[in-house]
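User: I've got this one open on my screen and would like to talk it through. Can you take my questions one at a time?

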Amino acid sequence: MAEAQDGHYDSMSQSTDSLRVEPIYESFLCPLTKQVMRDPVTIDSGVTFEREAILKWFNDCLHGGKRLVCPMTKKELSTTDLNPSIALRNTIDEWMNRNEAAKLDVARKSLTSDCTESDILQALQYVDEICQRSLSSRQAVRRDGLISMIADLLKNSNTKVRQKALETLRSVAKDDNDNKVEIAAGDNIRTMVKFLNHGQTQEKEKAVSLLYELSENKALSERIGSVPGAVLILVGLSSSKVENLLTVDRAEKTLENLESCEKNVRQMAENGRLQPLLRLLLEGSPDMQLSMAAYLGELVLSNDIKVLVAQTAGATLVNIMKKGNREAREAALKALNQISSYDASAKILIEAGILPPLITDLFTVGSNQLPMRLKEVSANILANVVASGARFESIPLDHNRQTLVSEDIVHNLLHLISNTGPAIECKLLQVLVGLTDSSTSVQSIVDAIKSSGAIVSLIQFVEAPQREVRMNSIKLLKNISPYMGQELADAFRGNFSQLSSLVRVIADNNGISEEQAAAAGLVGDLPMRDSVLTRRLLQDGAFSTIISKVIRIRQGEIRGGRFVNPFLEGLVRIVSRITYVLDDDPDIIAVAREFNLTALFTELLQMNGLDTVQIVSATALEKLSHQSKHLTNILPAPNPGVCFSIFPCLSQKAVATGVCRVHCGICSARESFCLLEGKAVEKLVACLDNNNEKVVEAALAALSTLLDDGVDIDQGVMVLCDADGINPILEVLCENRNEALRQRAVWAVERILRMDEIAYEISGNQNVGTALVEAFRHGDYRTRQVAERALKHVDKLPNFSGIFSKMGAQ
């Protein structure tokens, strides 16, 4: 029954001789260990030893090649038989019990009176040693009422006393459930937990060791877990990198014991230790699986934990969702809803086969259908899964190889959207948003929407009172607008109130939201030349509001975080609509003048890094500049006088002061949209150095209006010279980035080369010559015609060449 070495008892007995009712007898001591024997045995020589000590002696002789002799008499032994000395052992036990009782009596007195620190520590040491002797000794400690006295010392102000009390209680608790229950009485467990969080290193170690001992009792493990913060602290200690190894090990083993209680398992999961919960989810009874799945759905999980759960239990949860009863499916759905909210874990669930049962749950009608509240959860999970960005066009849903982007599936989703409540509508719209975010699946969704004729019903949601429904519908329409611009325009013309709703969203002054950015992008993507929509926007006061927002964003008065750039791009596109219908209505020209669009778009050219804004602005300036030659105020020619009529050679051409060099009239940025007067030329030239080919193309197109028919081309070339724009245009030609740029560059260069001085200077530039030859050889018909004329200007082709005129005549 003894658990400790004899020396533990005897070493202390040497310092407490006065406590013995009788002294140690020589026969009680082992000749080898000099300690009181617990299991005395007699050998062949007649000498009695401690069993363990003499067996060691025999073993040393055997392995050391020595003669087998008695260690005391040195007499050679004929046998190694051991004869238990029962009478001596009983005598020793009686002696020890008498002395033990004396020690306990002294300990009781020391613990109940105002003793010194050393007396208390000595008393605790007596009890500790006694408890290590046997179970009966520990029971004697309880009978003598010492447990509560020792537990009271846990609140002692002396650190050494507290530590020794913890150590002693652990010895008292070992293998004795009654003792454990008494130790755990009152708020003693709470005090031990307090040591874990605030105690010194040794206190933590001894406190967690005592808690481990108590946690071997299942009832007490529940009580330990019920102490606020206990599980959290133990979880922290078990994963600590700074605590000593024994403390970490004891914390881990205590938690393993606490796992016997379901409440503790839940607390552990709540504090990031999910393995016990997952183990019960995978291996527990059906009722336990249901309980764990339900609780998993209530937890707030970190992203790393979501991945762990998906990897460990994803397939099990999907299987419950497919085959479980209504209650089990509900629990599984809620858990999957939680796990699927992170892209990486959602992809793991896709591999586990979550898509087919999700679609089945959503589309099933009749007696087997899920309640609407669970269909809402299914829709949310589907939205989460789609947001992961997987390639859904390659993931089959059934034996017919249908996928989430198959026409029938999309038609069913559209039907559900139109026939359910706002909660499911919102999530299914979000599903379509996710599918149309992908370049690989957007066309399939667009085709399905077209074939279903659902565009009108989808547009209706932009007027939904629920913000999330409205936002997701706008985001969906924004995604499909590049593919269905005309269909969207037709639908908006059928009900202008929906277009007005978008304008109201854009006009909201509460910062810049994702919804506003999507609304601006959607309206900006509508066909630019649709003058009916443009006039409607004008009637709603949209342009005034939008231009005001553009200016405020440009000046830094409005800040909108990550949505400000797409919002601004959409706004600029909306404003640029005006420049597409200038030819259709003089009233539109008045609007462009009212808002001084030339100055606005010139300013926006300087928004480096926002390529779309620069492209749209340059394109708008091109269209405005095309109007300049019609809007400039041409002054009447001066009266030549009599002398000029008689002697024309004596007169010079009159030049009016204040006249635009390019447009030969009175120009301004506001009234005639003149690039020169608006100081836009230098800013457009700067855009020619952009890495984005679309920006360069738009800027070059705008600059080319200075060289267009109907203007003074020579003066246009001189304006470009003054703005250091000739070389950048030549570089665009030589770089030959794409065919569209080459066509524009060849056209502009041919116009520039009409000036003999420039043609002469450029004729020696081999790179320009090579670029023109390449255009002449490989361009389309029109480009080759223009390149031919340019080559003639620099004497690279003879003037009598009539290649294209002949081809045109054929």
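**Cores, helices and a repeat**

User: Which residues does Phe392 touch, leaving aside those up to four places away in sequence?
Analyst: Keep in mind that this is a predicted model. Contact here takes heavy atoms within 4.5 Å. With residues up to four places away left out, Phe392 touches Ile350, Leu355, Val385, Val386, Thr403, Leu404 and Leu435.

User: Which helix gives the largest share of the largest nonpolar core?
Analyst: That core has 193 residues, and Phe392 is among those touching the most other members, along with Leu296, Leu382, Leu597 and Leu684. Nine of the core's residues make up the largest share, and they come from helix 17 (residues 303–323).

User: How many residues are in the second, separate core?
Analyst: Its members include Ile120, Leu169, Leu211 and Ala251. The count for this second core is 48 residues.

User: How far apart are the end C-alpha atoms of helix 28?
Analyst: Helix 28 covers residues 496–507, twelve residues in all. At 1.5 Å a residue it should span 16 Å. The model agrees with that, with the ends 17 Å apart.

User: Is Glu487 buried, exposed or partly exposed?
Analyst: Glu487 sits in helix 27 (residues 485–494). Buried needs under 20% relative accessible area and exposed needs over 50%. Glu487 has 30%, so it's partly exposed.

User: How far apart are the end C-alpha atoms of residues 146–182?
Analyst: UniProt, in an unreviewed entry, places a "repeat: HEAT" feature at residues 146–182. In the model that span is 76% helix and 0% strand. Its end C-alpha atoms lie 10 Å apart.

Technical notes: Residues numbered from 1 in each chain as written. Predicted model: local features only at pLDDT ≥ 70, side-chain atom pairs only at ≥ 80, totals over all residues. Heavy atoms only, no water. Helix = DSSP H or I, 4+ residues; strand = E, 2+ residues; numbered from the N terminus. Expected span 1.5 Å × (residues − 1). UniProt positions renumbered as here; feature names shortened; annotations may be inferred. Buried < 20%, exposed > 50% of the residue type's maximum accessible area, 1.4 Å probe, protein only. Core = buried A, V, L, I, M, F, W, Y, C linked by side-chain atoms within 4.5 Å.
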